[in-house]
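Let's take a walk through this protein together, from its overall build to a few of its parts. Please have the sequence and the structure open as you read.

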Amino acid sequence: MQTTTNLVLDKTLYNRGLIHYHKIDWDKTPHMTTIGASGTGKTFLNKLIIARVSMKIPNSSITVLDFKADDYHFARSCKNLYEFDKVQEGLEAYYQEFLLRQQGRDTDRSFKLLVIEELGSMMGYFDKKVVESMKMMIANITFMGRSVNFHLLVSTQRPDTTYFKAGVRDSLGVVIALGSLSKEGKSMMFNDFKDEMTEAQGQGSGYLTNGVELYSIKVPHVKDVAKLEHYIKQALNG
Ligand SMILES: Nc1ncnc2c1ncn2[C@@H]1O[C@H](COP(=O)(O)OP(=O)(O)OP(=O)(O)O)[C@@H](O)[C@H]1O
Ligand SMILES: [Mg+2]
């Protein structure tokens with residue numbers, strides 16, 4: 001079973017004329033996060049990741065929570081796109097499916113990915129009780145998702161410890177930061193490597209860590225937007 005997808009280009013090698021992709025093996029590293037200030041290209045990258053999963057992983061199904069209701073207009077007819085205040089319903093629906101597998105009532109093990117765009121804005125909107133329950137669902141999927149093939153891609157402008165229950169941050173195995181990250185952001189998401197992150201990074205470039213190594217990276221160009229959107233819609237209807 002294919003469980004590995006390309007993520008981003010190695011920027012150091014790219015600058016020497018070599019194309020090398022950093023990948024994620026979703027079976028070994030079930031969850032990831034993309035962070036960076038507004039406009040650095042998180043959504044652009046998230047869409048690429050969604051399209052690649054859709055293309056490469058058979059029977060994959062993806063749910064997108066787009067609180068800003070801004071970036072997935074083209075997929076509005078898809079059943080697994082939840083916008084603005086519907087994101088709560090989307091998270092609950094994904095969690096219910098996760099529980100069915102967890103409890104053995106669903107023996108299917110096809111690949112499922114939940115993409116949360118702008119976790120910070122989403123959590124800022126709902127009241128405390130709802131946010132606590134969202135954090136609980138995210139934590140349980142993070143800790144127990146792998147064995148039932150449930151995965152998370154969490155994206156936010158500003159990483160903040162208050163968004164996560166204890167231990168969740170450390171379980172987001174692959175971290176990609178785009179643009180320049182604040183000192184706090186580096187400490188929280190890249191602790192061991194924070195002093196090595198000295199290169200200037202802008203839109204579509206930044207750093208990736210898998211916890212073991214740090215890489216300077218670049219988001220590849222998308223030549224065919226129609227094809228990208230086709231694969232995103234396919235996964236959002238899965
Ligand atoms: N790697 C890239 N190559 C070409 N264009 C890009 C790239 N990354 C981002 N862009 C363009 O820059 C703009 C902002 O990108 P995007 O919406 O992905 O940023 P964002 O980090 O998600 O911002 P926000 O936090 O406000 O949601 C978009 O119009 C997008 O098409
Ligand atoms: Mg965005």
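The paragraphs below go from the whole chain to its core, then to two helices and an annotated site.

Keep in mind from the start that this is a predicted model. The secondary structure of the protein chain amounts to 8 helices and 10 strands. Its radius of gyration is 17 Å, close to the 18 Å that the globule rule gives for 238 residues, so the chain is as compact as a globular protein of that length. Along the principal axes, the C-alpha atoms fill a box of roughly 50 × 40 × 30 Å. Of the 238 residues, 43% are buried. If you look at contacts with a separation of 6 or more, 71% of them are between residues 24 or more positions apart.

What lies inside? In soluble globular proteins, nonpolar side chains tend to be buried together. Here the largest nonpolar core has 63 residues, and those with the most contacts inside it are Ile 50, Ile 62, Leu 65, Val 115, Ile 176 and Ala 177. The largest share of this core comes from α2, with 6 residues. Ile 62 makes a good place to zoom in: leaving aside neighbours within four places in sequence, its contacts include Ile 50, Val 53, Leu 113 and Val 115. Ile 62 is also in contact with Ala 235, Leu 236 and Gly 238.

Two of those contacts, Ala 235 and Leu 236, are among the buried residues of α8, together with Leu 228, Ile 232 and Lys 233. Seen down the axis of α8, the buried residues fall within an arc of 160°, so they line one face of the helix. The face turned away from that buried side carries the exposed residues Ala 226 and Lys 227. Which elements cover the buried residues of α8? Among them are α2, β4 (61–66) and β5 (81–83). Helix α8 itself has 12 residues (225–236) and reaches 16 Å from its first C-alpha to its last, close to the 16 Å expected at 1.5 Å a residue.

Now turn to α5, residues 128–144. At 1.5 Å a residue its 17 residues should span 24 Å, and the end C-alpha atoms are 24 Å apart, which agrees. The buried residues of α5 are Met 134, Ile 138, Ile 141 and Thr 142. Seen down the axis of α5, these buried residues fall within an arc of 100°, so they line one face of the helix. An α-helix has 3.6 residues a turn, so residues three or four places apart point the same way. On the face of α5 turned away from the buried side you will find the exposed residues Lys 128, Lys 129, Glu 132 and Met 136. The cover over the buried residues of α5 includes β3 (31–35), α3 (87–102), α4 (119–125), β7 (150–156) and α6 (168–171).

Finally, consider what the record adds. An unreviewed UniProt entry annotates residues 16–187 as "domain: FtsK". Over residues 16–187 the chain is 37% helix and 22% strand, with the end C-alpha atoms 30 Å apart. The unreviewed UniProt entry also has a "binding site" annotation, which covers residues including Gly 39, Lys 42 and Thr 43. Gly 39 is found in the loop between β3 and α2 (42–56), while Thr 43 is in helix α2. Are these two residues buried or exposed? Gly 39 counts as partly exposed because it has 13 C-beta neighbours inside 10 Å. Thr 43 has 19 C-beta neighbours inside 10 Å, so Thr 43 also counts as partly exposed. Beyond its neighbours within four places in sequence, Thr 43 is in contact with Asp 71 and Glu 117.

Terms used. Residues are numbered from 1 along each chain as its sequence is written. Chains are lettered from A and ligands numbered from 1 in the order in which they are written. This is a predicted model: local features need pLDDT of at least 70, side-chain atom pairs count only at pLDDT 80 or more; totals for chains, interfaces and linings use all residues. Helices (H or I, at least four residues) and strands (E, at least two) are DSSP runs, numbered from the N terminus. The expected span of a helix is 1.5 Å times one less than its number of residues. A residue is buried if 20 or more other C-beta atoms lie within 10 Å of its own, exposed if 12 or fewer, and partly exposed in between; C-beta atoms are placed from the backbone. The arc is that of the directions from the helix axis to the C-beta atoms. Two residues are in contact if their C-beta atoms, placed from the backbone, lie within 7 Å. The radius of gyration is taken over C-alpha atoms; the globule rule is 2.2 Å times the number of residues to the power 0.38. UniProt positions are given in the numbering used here, feature names are shortened, and annotations may be inferred rather than shown by experiment. A nonpolar core is a set of buried Ala, Val, Leu, Ile, Met, Phe, Trp, Tyr and Cys residues joined through C-beta atoms within 7 Å.
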